[in-house]
Amino acid sequence: LSGLMLSVSCLQPSCFGYPLSIFFIITNEFCERFSYYGMRAVLVLYFKYFLQWDDNLSTAIYHTFVALCYLTPILGALIADSWLGKFKTIVSLSIVYTIGQAVMSVSSINDLTDHNRDGSPDNVSVHIALSMTGLILIALGTGGIKPCVSAFGGDQFEDDQEKQRTRFFSIFYLSINAGSLLSTIITPILRAQECGIHSKQRCYPLAFGVPAALMAVALVVFIIGSRMYKKVQPQGNIMTQVAKCIGFAIKNRFRHRSKEFPKREHWLDWASEKYDKRLIAQTKMVLKVLFLYIPLPMFWALFDQQGSRWTLQATTMDGNFGAIQIQPDQMQTVNPILIILMVPVVDGLVYPLIKKCKINFTPLRKITVGMFLASLAFVAAALVQVQIDKTLPVFPAAGQSQIKVINLGTDNATVWFEPQIQSVNVTSMESTAYMTFETSQLLSFKVTSGNKITTQLTKLSEESRYTLRVKNNATDIVAELLFDNVTSKPEEGNNLIRFINNLPDTINITMGDTSFGTLASLSASNYNLFPGGREYKITAIINSMPCSVTSKALGFGSAYTIVINKCSGESLDVTYSEDIPPNTVHMAWQIPQYFILTCAEVVFSVTGLEFSYSQAPSNMKAVLQAGWLLTVAVGNIIVLIVAGASKLSEQWAEYVLFAALLLAVCIIFAVMAYFYTYIDPNEIEAQLDEEEKQVKKDQDIYEKQVEADSHM
């Protein structure tokens with residue numbers, strides 16, 4: 001660990017002009033951010049695929065968790081400043097955090113309740129209870145230490161180390177991005193592995209376990225540096241004073257609401273009976289900025305959907321990038337990569353060019369542009385979703401059934417669906433697409449092939465798919481309906497495969513490591529799941545003789561019926577019938593929406609904090625930090641409200657709705673920004689200093705005068 005190595009090499013309280021303690025703090029922050037973002041990257045897919053929640057519930061719980069993570073920093077700041085101090089708060093809540101990550105990892109162990117060893121948990125409620133407990137502990141931990149760690153790092157510097165302190169914050173935020181980027185790449189890879197004691201599943205225990213281990217490392221590293229830290233005693237929280245000042249002003253104004261009391265210039269001036277002029281003036285400045293924060297949550301409502309809706313969108317796309325197979329949750333890495341690239345480009349090239357063009361690109365205008373760009377990113381996401389929807393299969397609705405025909409014979413065949421609904425011609429060794437029928441209207445089907453004919457009555461179930469196997473034998477026509485137990489697209493980019501034996505002999509089939517068992521002539525196997533983007537060896541044992549072939553490269557999210565036709569030498573002849581088409585829209589099409597949203601983040605987030613700090617007094621920065629984090633929390637709550645209330649069945653329509661809402665809020669913010677007057681807090685505080693000096697001077701003159709009068 002960097003802190004330990006430097007302590008050995010330097011053996012002094014400072015190293016390269018920096019306090020040695022900050023190396024422990026930076027290492028701690030890197031590990032903690034790796035832990036948080038690594039866990040969060042796979043969270044929505046854990047809800048969807050392990051807990052078997054639908055997209056809406058998965059999204060709702062994800063955003064509830066994120067909102068909680070941004071509400072708890074206020075609690076952490078109060079505990080640190082008013083009770084335990086920063087060091088004890090970080091240690092205490094890091095222990096809570098580590099326990100939460102460990103509980104999360106345990107909750108994802110499939111074998112915990114899989115008593116019948118069928119590959120799925122027997123008691124999902126246990127896993128849900130453990131997951132929710134873990135997430136609450138993580139939210140308390142990560143949120144609680146968020147306002148403390150950077151401030152604790154700043155406390156390690158002396159007053160004359162302003163340059164080193166500034167550089168520390170740059171390195172500190174670099175460690176946040178490094179932890180976020182690495183974890184978002186690594187944990188989806190860990191999740192994609194297969195592990196388990198009795199049955200192999202996606203390895204969520206490892207994907208959550210590694211972040212838990214990193215959090216334990218973060219805690220240990222932080223404690224190791226304990227003796228080197230400069231620990232500032234808690235001195236009370238400025239947020240508490242501001243809240244009390246506002247509360248007293250409102251209460252006092254309510255008490256003096258009758259017309260006999262003269263109005264005051266500002267409603268906060270009603271706090272002057274109890275609080276000094278400086279605190280009231282500072283609170284006015286802060287409230288002026290906080291008022292501008294009111295529209296900002298809508299930006300975060302869109303921004304944080306990268307980890308929910310956009311990740312779920314990626315599950316229906318093709319992640320094959322040639323030599324690399326990208327997991328849906330890895331697409332989130334595009335954001336931190338682009339951030340690292342975009343920040344220097346925007347600061348060093350874009351802003352200077354705008355300045356050269358003599359455009360007054362004020363901070364509030366930058367924030368407005370950021371909101372507009374985020375709205376544009378969701379329009380791009382909606383356009384991608386429209387293309388995805390075109391590739392999705394249409395499954396039978398209520399009152400409907402679907403049938404496809406596979407001709408297993410050497411002669412062409414014609415099938416009539418009675419009474420006089422439609423007919424279809426099927427070439428030898430070919431298959432049709434699924435045809436949709438009203439279940440109650442389809443009573444029978446008639447098949448002709450060569451000079452033979454057969455008719456069969458049908459009794460179909462609603463909302464079901466069937467495959468009609470047709471073969472013209474030497475003596476008759478075989479026509480049998482096969483129930484296709486698939487009414488949704490395979491998830492996580494997996495493929496469903498089944499076999500039909502078109503040989504006269506009974507055969508035993510394996511594909512890869514999966515055995516399909518023994519198949520009699522013209523019988524079909526059940527579907528089995530196979531990961532996408534690979535080729536598999538298909539082996540058929542015919543009369544004790546192996547015959548094999550390598551499958552074609554399977555796509556992602558498809559289903560195939562593979563027909564075993566004949567064995568020539570040791571080579572197997574097969575044909576493929578596509579039951580569900582693979583994902584054809586490439587994940588690369590998500591890059592434009594990520595790029596636009598990252599541009600939005602650069603001009604919105606960085607500028608927002610910079611503007612806030614420039615418009616408020618130095619001792620009020622904690623209040624603004626709390627307000628900023630609160631906008632993120634409220635933004636995630638907005639996702640819950642809008643997604644729950646909209647009742648839109650189409651995902652692209654929800655994206656357009658969010659884009660429209662942010663555009664409307666953007667216009668409101670632009671109007672608010674137009675009427676905003678920029679202030680210089682230093683100038684106002686200098687005036688207050690002068691007034692206080694004058695009051696003190698007048699007080700001294702008055703006291704001297706009183707003393708002189710008493711001697712007369």
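Two strands count as paired if DSSP finds at least two bridges between them. The model described here is predicted. In this model, strand E11 and strand E12 meet that criterion, because six bridges join them. Their pairing is antiparallel. E11 covers residues 444-449, and E12 covers residues 452-457. One of the bridges places Phe445 opposite Gln456 in E12. The two strands form a hairpin with two residues between them. Within this hairpin, Gly450 adopts a positive phi near 65°.

E11 also pairs with strand E8, which spans residues 413-418. Here, too, the sense is antiparallel, and the pairing runs over six bridges. Ala413 faces Ser449 of E11. E11 thus has E8 as one partner and E12 as another. Strand E11 is mostly covered. Of its six residues, five are buried.

Attention turns next to the cysteines. The structure contains two disulfides. One of them joins Cys195 to Cys203, with the sulfur atoms 2.0 Å apart. A disulfide requires sulfur atoms within 2.5 Å, so this pair qualifies. The angle about its S-S bond is 105°, and the link is right-handed. The two ends can be described by their accessibility. Cys195 has a relative accessible area of 23% and is partly exposed. Cys203 is buried, at 5% relative accessibility.

Another disulfide connects Cys547 and Cys567, with an S to S distance of 1.8 Å. This link is right-handed as well, with 90° about the S-S bond. The pair ties together distant parts of the chain, 20 residues apart. Cys547 belongs to strand E20 (residues 545-550). Cys567 belongs to strand E21 (residues 559-568). Cys547 is buried, at 1% relative accessibility. Cys567 reaches 33% and is partly exposed. The cut-off for buried is under 20% relative accessible area, so Cys547 falls below that limit, whereas Cys567 does not.

Cys31 takes part in no disulfide. The nearest cysteine sulfur belongs to Cys148 and lies 18 Å away. Cys31 is buried, with 4% relative accessibility. Why does the sulfur of Cys599 not bond to that of Cys666? The sulfur of Cys666 is the closest cysteine sulfur to that of Cys599, but the two are 15 Å apart, which is too far for a bond. Cys599 counts as buried, at 15% relative accessibility.

A further feature lies on the surface. Nine residues are listed here: Leu68, Leu71, Leu75, Ile136, Leu140, Leu630, Val634, Ile637 and Ile641 make up a nonpolar patch. Together they present about 680 Å² of accessible area. Which helices each supply at least two residues of the patch? They are helix H3 (55-84), helix H5 (124-155) and helix H15 (621-646). H15 gives the largest share, with four residues.

Val634, a member of the patch, is found in H15. Its relative accessible area is 34%, and Val634 is therefore partly exposed. A patch residue must have over 30% relative accessible area, so Val634 passes this cut-off.

Definitions and conventions:
Residues are numbered from 1 along each chain as its sequence is written. This is a predicted model: local features need pLDDT of at least 70, side-chain atom pairs count only at pLDDT 80 or more; totals for chains, interfaces and linings use all residues. Side-chain values use heavy atoms; hydrogens and water are left out. Patches are made of residues with over 30% relative accessible area and no salt bridge: like charges are joined within 9 Å, nonpolar side chains (Val, Leu, Ile, Met, Phe, Trp, Tyr) within 5 Å. Accessible areas come from the Shrake-Rupley method with a 1.4 Å probe; for residues, only the protein chains shown count as cover. A salt bridge is a side-chain nitrogen of Lys or Arg within 4 Å of a carboxyl oxygen of Asp or Glu. Buried means under 20% relative accessible area, exposed over 50%, partly exposed in between (1.4 Å probe, protein chains only).
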